[in-house]
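Trainee: Got a minute to walk me through this one? I'd like to start with what counts as a contact.

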Amino acid sequence: MSESKSDKKVAKGASVDEFDKDIITKNPNLEIAQLRFLVNNKELDPAVKNEKLKVLQTYILDNEMGPFYELLTAELGAPLDKALLAELKAKNAKRIAEIDAEIADAEQNLGESEVRQALLKKSEYLCQIGDKDAAVSAFRHTYEKTVGIGYRIDLVFNLIRLGLFFLDHKLINANISKAKDLMEQGGDWDRKNRLRSYEGLYKMSTRDFKGAAALFLEAVPTFGSYELMSYEDLVFYTVLTTVYSLDRPELREKVIRCNEVQEQLTGGGEKGDLIPIRQYLDSFYNCHYDQFFVGLAQLEAQRLKFDRYVAPHYGFYSRAMRLKAYEQFLTPYKTVRLDMMSKDFGVSKAFIDRELHRLISTGQLNCRIDAVRGVIEMNHPDNKNHLYKTVMRDGDVLLNRIQKLARVVNA
């Protein structure tokens with residue numbers, strides 16, 4: 001994820017009480033969670049994996065992540081450096097004891113605001129070192145000592161980010177619901193916008209691409225959740241989910257003609273990371289199906305398999321997008337030659353035949369293949385006849401109700 005914009009908005013280890021409310025703490029750091037996913041990914045090149053592991057080790061040392069280091073070595077099946085673990089845990093114990101002393105002093109000699117700040121400091125430190133259970137408990141304790149709605153919402157955001165860090169869906173879902181309840185009690189405009197990004201990311205991670213697309217589209221013009229992801233990542237996820245969930249006219253209106261999205265896509269991103277998704281979008285919208293298939297395969301191999309939110313669903317996404325492309329291609333026609341379709345998609349006739357058979361047999365495509373003539377025959381539904389029958393049925397129901405009402409009135 002890019003840090004160029006987020007550096008202006010984020011101060012590591014800073015609480016919202018200590019600085020301006022627009023500065024959001026990047027704690028936990030979700031880049032660490034992405035690195036953890038990559039070093040555990042069996043499909044990643046070993047050389048690249050080693051580089052990512054070195055970066056992750058630097059984060060562990062810099063942030064004194066004793067509990068996280070213990071968890072990571074267990075996942076990797078790597079030998080545990082007992083001396084390093086003892087050193088990290090000693091630093092953790094010392095720092096927690098110092099904060100506990102601050103909490104005790106604040107409770108005895110200072111006011112409620114100072115007590116809350118000390119509790120928040122402990123919560124954030126436990127979050128920083130990767131001690132999930134202790135951090136959840138500390139944030140909930142801090143929440144109980146917090147009065148202002150805005151500060152309470154920020155604590156709930158912390159818990160959502162902690163859930164996203166460990167992909168704890170129960171924790172995420174519970175706190176998104178709590179955040180919505182708090183928003184109804186008086187959440188400000190900025191926090192409501194941030195919640196869209198949080199919920200959109202969660203929906204995408206649970207395969208609700210349609211719900212995620214709607215939230216991402218709302219978040220694009222007013223995005224401010226740099227503690228969650230970069231703006232470039234938001235645009236990537238927006239395009240990825242909208243191509244899946246929107247029909248072609250909506251895609252043109254909400255994405256192709258969206259200035260904020262197109263500005264990022266035209267620039268290609270800071271390192272050119274948005275170029276593949278731009279080509280993917282253009283090829284699908286402009287019906288260049290051979291380019292679309294290549295773009296989809298590249299996205300799957302280079303990005304989707306290695307994104308912790310999308311990786312569990314990349315196979316489903318790829319199949320769904322191939323189906324959508326087939327439907328978009330076949331819909332205008334009554335019959336299509338199989339060899340012509342395979343040529344347009346840049347694949348073999350046998351591949352198209354196999355794909356269509358699978359989709360027809362599962363009821364996902366409403367057509368049939370005439371193997372003798374080598375053509376695909378579409379079974380377009382008779383919409384006018386369906387609408388006529390619906391009107392007649394609903395009309396009969398309405399007339400019966402009117403007659404019953406008339407009898408009651410006359411009686």
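Mentor: Sure: contact means heavy atoms within 4.5 Å. This is a predicted model, so local features need pLDDT of at least 70, side-chain atom pairs count only at pLDDT 80 or more, and totals for chains, interfaces and linings use all residues. Residues are numbered from 1 along each chain as its sequence is written, and side-chain values use heavy atoms, with hydrogens and water left out.

Trainee: OK, so what is Leu-88 in contact with, leaving aside its neighbours within four places in sequence?

Mentor: Ile-60, Glu-64, Met-65, Gly-66 and Tyr-69.

Trainee: And is Leu-88 buried or exposed?

Mentor: Leu-88 is buried, because its relative accessible area is 2%. The classes are buried under 20% relative accessible area, exposed over 50% and partly exposed in between, with a 1.4 Å probe and protein chains only.

Trainee: Which helix is Leu-88 in?

Mentor: Helix H5, residues 82–109. Helices (H or I, at least four residues) and strands (E, at least two) are DSSP runs, numbered from the N terminus.

Trainee: Where does UniProt place the coiled-coil region?

Mentor: The unreviewed UniProt entry puts that feature at residues 89–116. UniProt positions are in the numbering used here, feature names are shortened, and annotations may be inferred rather than shown by experiment. In the model, that span is 93% helix and 0% strand, with its end C-alpha atoms 25 Å apart.

Trainee: Switching topic: how many salt bridges are there?

Mentor: The structure holds 26. A salt bridge is a side-chain nitrogen of Lys or Arg within 4 Å of a carboxyl oxygen of Asp or Glu.

Trainee: What about Arg-373, which residue does its side chain meet?

Mentor: Glu-377, at 2.4 Å from N to O. Arg-373 counts as exposed because its relative accessibility is 52%, whereas Glu-377 is buried at 18%.

Trainee: And Lys-254, which residue does it pair with?

Mentor: Lys-254 forms a salt bridge with Glu-250, 3.7 Å from N to O. Both lie in helix H13 (residues 248–256), four residues apart, about one turn of the helix. Lys-254 is partly exposed at 39%, and Glu-250 is partly exposed at 31%.

Trainee: Which residues are linked in a network of salt bridges?

Mentor: Asp-154, Asp-188, Arg-191, Arg-194 and Glu-227.

Trainee: Last one, the whole chain: how many helices and strands?

Mentor: 20 helices and three strands. Buried residues make up 45% of the 411 residues, and the C-alpha trace spans about 85 × 80 × 40 Å along its principal axes.
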